[in-house]
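Thanks for coming. I have one structure to go through today, so let me put it on the screen.

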Amino acid sequence: MRLIIAGGLKGQIIAAAKIAMSHGAAVTHTDGLDQTLAVLRARGADLLMIDVAQPIAAYVAALEAERIRTPIVACGTSTDARAAVAAIQAGAKEYVPLPPDPDLIAAVLEAVAADQSSLIWRDPAMERVVQLASQIARSEAPVLVTGESGTGKEVIARHLHQKSGRKDKAFVAVNCAAIPDNLLESELFGHEKGAFTGAIARRIGKFEEANGGTLLLDEISEMDVRLQAKLLRALQERMIDRVGGTQPVKVDIRIIATSNRNLAEAVREGSFREDLLYRLNVVHLRLPALRERPGDILALAEHFARKYAELNGLPARPIAADARKLLVANAWRGNVRELENTMHRAVLLASGSEIAADAMLTPEGEILSAAPARDPAARAAQTAEAMTRSLVGHTVADVERELILDTLDHCLGNRTHAAKILGISIRTLRNKLSEYTAAGITVAEPGQARISAA
Ligand SMILES: Nc1ncnc2c1ncn2[C@@H]1O[C@H](COP(=O)(O)OP(=O)(O)OP(=O)(O)O)[C@@H](O)[C@H]1O
Ligand SMILES: [Mg+2]
């Protein structure tokens, strides 16, 4: 772990650094924002500990401006209660009181490392993926990880790094979709001072930052074709050119790429280079959607319940039987990320001795539905049943009218289409519509649908 300690807490900061080093962290001490940015640009870091006396908000803004995602922990003497609150508000993840408590420093380092690499699984479908990952982790082969959003592509990439011979070196992630095309090249390969407007200092790119370690190229399908050519060259020759640089730089990295788009299709469409796909796709790990590995749901839910209880200083509560039923039945379109967010909310909302079903809410505050949504046939049957139930108690004339008006809406007021779908003549339709209009009921005009007619 690469740790930067910023600020002038004198003896106490040295004590904190010693503790961190005894836990295997490589520590750099900087005395202000400029120096910290210089180190981040030159080498990167996994964690930044800052003296609360420093302008924390300025650090947060500066890191954001350069898209550096290193988490920030503030530290200060324990009497700085207000400074601690301000630091958290300014964007620090945690506040660590000084003089440093060795256990607390160790816990923070561990939390940073663990939060990023714990991989939970129980379902046989996931077991196969994890087993393949473990088998190839120690090889140098590039790995392509695919799967829907939120299935754990980054988690498995970190797991691969942890199980590889490179685990003591950096793991660096770049999200190719989040960075504008014109900046991505310098983000990956770095730039020399003055290479372009805004290049105020030399900055090394992610390839150099990850040297000796692993580079995760997230959402690689979004990389522009011109840059794909440079990436291919970097992979083939293990050399990169900084933007505005004159000397190629040697790099030694293992590449893991992720995509939630089908890359073979992107190749056919011409938006992804075929030769690059072959280079990256030496090993392919396909992460199943959460609904394809139901055996993982409760294992993950329990893990997240423990994690968020601990993080919020709340008692660890077991998940009640009714809540488990809801969890297993839900569709989880947002995959593990959605489950994690649901459990985070549930932990905060739960009050009794267990986490009950009424704490299982959607972000909108609705209780998760117990619909057996994983099975499309069951879902269709359920919708049909709900519709029939809603018809009971209505007259045939009412139902006919709703059917006609809804169909007309669907056809945007086109009478000919609507009559065809309804299986009645256009003349019958016209007669019905004038009946409705005469009764004061709104009917869609051609080219329109009724506004919220229901
Ligand atoms: N098997 C797992 N064990 C523990 N946590 C997991 C697991 N899979 C996913 N998570 C958690 O779910 C969240 C989403 O995972 P991750 O970011 O790896 O997904 P992703 O596939 O990269 O998503 P996206 O396509 O949106 O980038 C993270 O907070 C991660 O910690
Ligand atoms: Mg991701």
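I will go through the domains, then the ligand site, then one helix and two residues with unusual backbone angles.

Please keep in mind that this is a predicted model. The domain assignment splits the chain into four parts: domain 1 covers 2–114, domain 2 covers 124–286, domain 3 covers 291–359 and domain 4 covers 393–438. Taken over C-alpha atoms, the centres of domain 3 and domain 4 are 47 Å apart.

Now the ligand. Which domains supply at least three residues each to the shell around ligand 1? They are domain 2 and domain 3. In terms of helices, α7 (153–162), α13 (297–311) and α15 (335–349) each give at least two residues to that shell. There are 17 residues around ligand 1, and those that come nearest are Ile-120, Ser-149, Gly-150, Lys-153 and Glu-340. By type, the shell holds 6 nonpolar, 6 polar and 5 charged residues.

Next, some individual polar contacts. The side chain of Glu-340 has an N or O atom 2.6 Å from an oxygen atom of ligand 1. Two backbone contacts can be added. A polar backbone atom of Gly-150 is 2.9 Å from a ligand 1 oxygen, and for Thr-151 a backbone N or O atom is 3.3 Å from an oxygen of the ligand. On its own, ligand 1 would expose 620 Å², and the protein buries 86% of that.

Let me move to helix α2, residues 33–42. Its buried residues are Thr-36, Leu-37, Val-39, Leu-40 and Arg-41. What do these buried residues pack against? The partners are three strands, β1 (2–6), β2 (26–30) and β3 (47–51), together with helix α3 (56–65). After α2 comes Gly-44, with a positive phi near 80 degrees.

Last, two residues that are not glycine but have a positive phi. Arg-238 has a phi of about 55 degrees and sits in the loop between α10 (225–237) and β9 (239–240). Trp-332 has a phi near 50 degrees and lies in the loop between α14 (321–329) and α15. Is each of them buried, partly exposed or exposed? Arg-238 has a relative accessible area of 36%, so it counts as partly exposed. For Trp-332 the relative accessible area is 1%, which falls under the 20% cut-off, and Trp-332 is therefore buried.

That is the end of my list.

Terms used:
Residues numbered from 1 in each chain as written. Chains lettered and ligands numbered in written order. Predicted model: local features only at pLDDT ≥ 70, side-chain atom pairs only at ≥ 80, totals over all residues. Heavy atoms only, no water. Near = heavy atom within 4 Å. Polar contact = N/O pair within 3.5 Å; in protein donor to acceptor, adjacent residues only side chain to side chain. Areas by Shrake-Rupley, 256 points an atom, 1.4 Å probe, with all protein chains shown as cover. Helix = DSSP H or I, 4+ residues; strand = E, 2+ residues; numbered from the N terminus. Nonpolar A, V, L, I, M, F, W, Y, C, P; charged D, E, K, R; others polar. Domains from an automatic or database assignment. Buried < 20%, exposed > 50% of the residue type's maximum accessible area, 1.4 Å probe, protein only. Contact = heavy atoms within 4.5 Å.
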